[in-house]
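User: I'm new to reading protein models and would like a close look at one small part of this one. Could you take it slowly and then show me how that part sits in the rest?

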Amino acid sequence: MTDPMLPAPWRIESVRKETADTFTLALAPVNAAGPLSFAPGQFNMLYVFGVGEVPISISGNPLEPSPLLHTTRAVGVVTRAMWKLKPGDVIGVRGPFGSNWPIESTKGRDVVIVAGGIGLAPLRSVLLHVLARRADFGKVLLLYGTRTPEDLLFRAELRTWAKRRDLDVHITVDRATGRWRGNVGVVTTLIGRAPFEPKNAVAFVCGPEVMMRFVSLELRKRGVPEPQIHLSLERNMKCATGFCGHCQFGPEFICKTGPVFPHDRVKALLNVREL
Ligand SMILES: Cc1cc2nc3c(=O)[nH]c(=O)nc-3n(C[C@H](O)[C@H](O)[C@H](O)COP(=O)(O)OP(=O)(O)OC[C@H]3O[C@@H](n4cnc5c(N)ncnc54)[C@H](O)[C@@H]3O)c2cc1C
Ligand code: FES
């Protein structure tokens, strides 16, 4: 990365609709730059020209970084403008920034991935990495919850993952609709009966803050040691390089020391409403 404040032009190769409000962009560099190397959990600043720039996690496999994948929920001005873009359009990319899921410390241990809603996007990168190096880990579990079945991301992939014998996939929805015959209830309800060895497990958790608070509590109740629980936090960002202070979360700048934190480092801050 030359100038971290300068967006590089990337062309949209494809746009895949994931749900009614979520889409995945596949990007290729316009200039002759090689694939962007990144670690699972890191994010880029994506710039929709003339509209604005937003932090979005990389949802692709770090071991196969091309094309560059970002899965985004259209919630506001920039993300809605991003969704209107078409293959061939160009956007600005700065990054990658931030800390990553500490995958190296997970070798030989059980890996428990707990995702809520759009939280599966930043976790997809770590799951793909773990599956590509499957022999390095103990049991691997994906516990995923969304509001309704229609909100499930990566549905075709979820079906493929569910068929694997070396991956335990448990899905739940808050509210059953249509033909849903699976679990109903919040994602925390999956933790108590999930087949993993708590003392030997490392958990990666991403979703709404309230979900991460309760998931961490359940994991602690199951006996997962606190330093082995990792969360990815979100705050509004502008520079992503530790200058502007927009992403401040207590003493932490999420863009520099986060977004991935061990639970014990941020748990006191998570208990403060609207921090
Ligand atoms: C490190 C990091 C990684 C992220 N990864 C992803 C991702 O992979 N996919 C994805 O869809 N989103 C991700 N986000 C959230 C995404 O950046 C925001 O949804 C986006 O900035 C909203 O911008 P907007 O202009 O579309 O919405 P705005 O018009 O700014 O706001 C629309 C609504 O979203 C809320 N909002 C705005 N920014 C944030 C934010 N950062 N966190 C929480 N609420 C916000 C506002 O309060 C408002 O209610 C990530 C955020 C961070 C900090
Ligand atoms: S976004 Fe500017 S300091 Fe983090």
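Which residues line the largest cavity?

Analyst: Sure, let's dig in. Keep in mind that this is a predicted model.

The residues lining the largest cavity are Met237, Lys238, Cys239, Ala240, Gly242, Phe243, Cys244, Gly245, Cys247, Phe253 and Cys255. The space they surround has a volume of about 30 Å³. With a cut-off of 30 Å³ or more, the count for the structure comes to one cavity. If you're wondering how anyone spots a hole like that, here's the general idea: rolling a probe the size of a water molecule over the atoms shows where empty space is left.

What sort of residues are these? Sorted by class, the lining of the largest cavity has eight nonpolar, two polar and one charged.

Let's zoom in on Ala240, one of those lining residues. You'll find Ala240 in the loop between strand 12 (229-232) and strand 13 (248-249). Its backbone is a little unusual: phi is positive, about 70°, although Ala240 is not a glycine. For background, most residues other than glycine have a negative phi, and most peptide bonds are trans. Ala240 has a relative accessible area of 2%, so it counts as buried.

Now for Cys255, which also lines the cavity. Because its relative accessible area is 3%, Cys255 is buried too.

Seeing cysteines in that list, you might go looking for disulfides. A search of the whole structure finds zero of them. Take Cys206 as an example: it is in no disulfide, and the nearest cysteine sulfur, that of Cys247, is 16 Å away. A disulfide needs two cysteine sulfur atoms within 2.5 Å. Cys206 has a relative accessibility of 4%, so it is classed as buried. Cys247, for its part, is among the residues lining the cavity.

Let's step along the chain to Pro259. The peptide bond joining Gly258 and Pro259 is cis, with omega about 10°. Pro259 sits in the loop between helix 5 (254-257) and strand 15 (260-262). There's another cis bond to look at, from Gly95 to Pro96, where omega is near 5°. Unlike the loop placement of Pro259, Pro96 lies in strand 6 (residues 90-97).

Ala240 has a counterpart as well. Phe154 has a positive phi, near 50°, and is not a glycine either. You can find Phe154 in the loop between strand 8 and helix 3 (155-163). With a relative accessibility of 2%, Phe154 counts as buried.

Next, the wider setting. The protein chain is divided into domain 1 (8-97) and domain 2 (104-232). Contact between them takes 19 residues from domain 1 and 17 residues from domain 2. Measuring from C-alpha centre to C-alpha centre, the two domains lie 24 Å apart.

Both domains also help build the largest pocket: its lining draws at least three residues from each of domain 1 and domain 2. About 1,200 Å³ of space lies in this pocket, while the largest cavity has about 30 Å³. The pocket is lined by 46 residues, and those nearest its centre are Arg73, Ile118, Gly119, Gly207 and Glu234. Five elements each supply at least two lining residues: strand 4 (52-57), strand 5 (68-73), helix 2 (120-132), strand 8 (140-146) and helix 4 (209-222). By class, the pocket lining has 21 nonpolar, 15 polar and ten charged residues.

Two loop residues round out the tour. Lys139 is in the loop between helix 2 and strand 8. Its relative accessibility is 44%, so Lys139 counts as partly exposed. Setting aside neighbours within four places in sequence, Lys139 is in contact with Arg109, Asp110, Val111, Arg134, Pro195 and Phe196. From Lys139 to Lys267 is 128 residues in sequence and 26 Å in space, C-alpha to C-alpha.

Ala176, in turn, belongs to the loop between strand 9 (168-173) and strand 10 (183-184). At 40% relative accessibility, Ala176 is partly exposed. Leaving out neighbours within four places in sequence, Ala176 is in contact with Pro149 and Val184.

To come back to where you started, the cavity lining includes Ala240 and Cys255; Ala240 is buried, and Cys255 is buried.

Key:
Residues numbered from 1 in each chain as written. Chains lettered and ligands numbered in written order. Predicted model: local features only at pLDDT ≥ 70, side-chain atom pairs only at ≥ 80, totals over all residues. Heavy atoms only, no water. Buried < 20%, exposed > 50% of the residue type's maximum accessible area, 1.4 Å probe, protein only. 1 Å grid on protein atoms, 1.4 Å probe; cavity = no way out; pocket = protein on both sides within 12 Å on 5 of 7 lines; lining within 4 Å. Points joined across faces, edges and corners; volume = space filled by probe spheres on them. Helix = DSSP H or I, 4+ residues; strand = E, 2+ residues; numbered from the N terminus. Nonpolar A, V, L, I, M, F, W, Y, C, P; charged D, E, K, R; others polar. Domains from an automatic or database assignment. Contact = heavy atoms within 4.5 Å.
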